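Reader: Could you take me slowly through one part of this model, namely the strands in its interior and what surrounds the ligands? I would like each term explained with its cut-offs as it comes up.

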Amino acid sequence: LALRQDLYTALKEQQFEMHYQPLVDSLSGRLRSVEALVRWRHPSRGMVSPCEFIPLAEQTGQIIPLGRWILQQACRDMVDFSARTGHDLPVAVNISSLQFLRDGFLEDVKHTLAESGLSPMLLELEVTESVLLDGAEPVIELMQTLKAKGIRVALDDFGTGFSSLSYLRDLPTHRVKLDRSFIQAIETDHRMAAIVQAVITMAHNMDMSVVAEGIESLELQQDLARRHCDLLQGNYFARPMSLADLKVLPSLLP
Ligand code: G
Ligand code: G
Ligand code: NA
Ligand code: MN
């Protein structure tokens, strides 16, 4: 496949860029953090979706250098954001399971923080349940080490995988992100709404916060605010945007 071939040169030729999507407080709508999302500006195909190239990069092993670049860029960008705006903004970086479980990941994170000067408190890692496929023990241990350094881990796409409630009990995560397929269904599916409500309540009882993804309307914002969901993310508030655009987002700034 041509795309697979192109991936090898893409990093070297600086074809990737990072975009940032706001996460806002469910009640006030104020900016609280951002999720870093990678984009590939392909020289002939235009923008290629990460849905296409992240799985490819995982197959070829390119996800390791790419993931390292993503982490570096996100940390540097947030240091830049703080310097320009005077606001410290936490950033959540998606980490592929392959990257998270690979020897040397912790060293990469420590090195990147030191090199960028970003406070560990401003970095959050988003992992999906697939990190648990080969067993929970090493995952729990790594999450505890990260937590001790002030780096938090969120469980992403919660509800889409082989979700088991026991993961919530065992993993030292500080936040769960409810997948947009769950969130967007609650308006028409009362069983889905019951699940979402139960996850929110349970997460709070375990001292975790909850993010609802895929908010596309005021009605959905109000519904989730009523359900005490902490943070909201979605096109209703803001789409993923360049760092330059993020820096001039006066309406959402704290
Ligand atoms: O941004 P978008 O909705 O197109 O992302 C599609 C998919 O690609 C999502 O599942 C998202 O988690 C994943 N993705 C986006 N950015 C990154 C990234 O920087 N690293 C990893 N590992 N996955 C990403
Ligand atoms: O898998 P993950 O949760 O990391 O995917 C995040 C992706 O979801 C982002 O790439 C972003 O483009 C997409 N996204 C964010 N908000 C919305 C939304 O309100 N509606 C839809 N359809 N997609 C969204
Ligand atoms: Na994510
Ligand atoms: Mn997600």
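Author: What follows is a walk through the paired strands, then the ligand shells, and then some helices.

This is a predicted model, in which local features need pLDDT of at least 70 and side-chain atom pairs count only at pLDDT 80 or more, while totals for chains, interfaces and linings use all residues. Residues are numbered from 1 along each chain as its sequence is written, and chains are lettered from A and ligands numbered from 1 in the order in which they are written.

Let us begin with strand E5, which covers residues 123-128; helices (H or I, at least four residues) and strands (E, at least two) are DSSP runs, numbered from the N terminus. Six of the six residues of E5 are buried, so the strand is largely enclosed by the rest of the structure. A residue counts as buried if 20 or more other C-beta atoms lie within 10 Å of its own, as exposed if 12 or fewer do, and as partly exposed in between, with the C-beta atoms placed from the backbone. In a regular strand the side chains alternate between the two faces of the sheet. On one side of E5 are Leu123, Leu125 and Val127, on the other Glu124, Glu126 and Thr128, and both faces are covered.

E5 runs parallel to strand E4, to which four bridges join it, and also parallel to strand E6 (residues 152-158), with five bridges; two strands are said to pair if DSSP finds at least two bridges between them. Glu124 is the bridge partner of Ala92 and also stands opposite Arg152 in E6, while Leu125 is the partner of Val93.

Strand E4 (residues 91-94) points Val91 and Val93 one way and Ala92 and Asn94 the other, and all of these are buried. E4 also pairs with E2 in the parallel sense, over three bridges, and here Ala92 has Glu35 opposite.

From E2 and E4 we can turn to ligand 1, whose surrounding residues include Asn94, Ala36, Leu37 and Val38; a residue is near a molecule or strand if its C-beta atom, placed from the backbone, lies within 6 Å of it. Strand E2 (31-42) and helix H2 (50-60) each supply at least two residues of this shell, which divides into eight nonpolar, three polar and no charged residues. For these classes, Ala, Val, Leu, Ile, Met, Phe, Trp, Tyr, Cys and Pro count as nonpolar, Asp, Glu, Lys and Arg as charged, and the others, Gly among them, as polar.

Leu37 appears again at ligand 2, which is surrounded by 14 residues, the closest being Leu37, Gly214, Glu216, Gly234 and Asn235. By class, the shell around ligand 2 holds three nonpolar, six polar and five charged residues.

Among the helices, Leu218 belongs to H10 (residues 218-226) and is exposed, with 9 other C-beta atoms within 10 Å. Leu218 and Tyr236 are 18 residues apart in sequence, and their C-alpha atoms are 7.3 Å apart in space. Ile200, in helix H9 (residues 190-205), is by contrast buried, with 21 other C-beta atoms within 10 Å.
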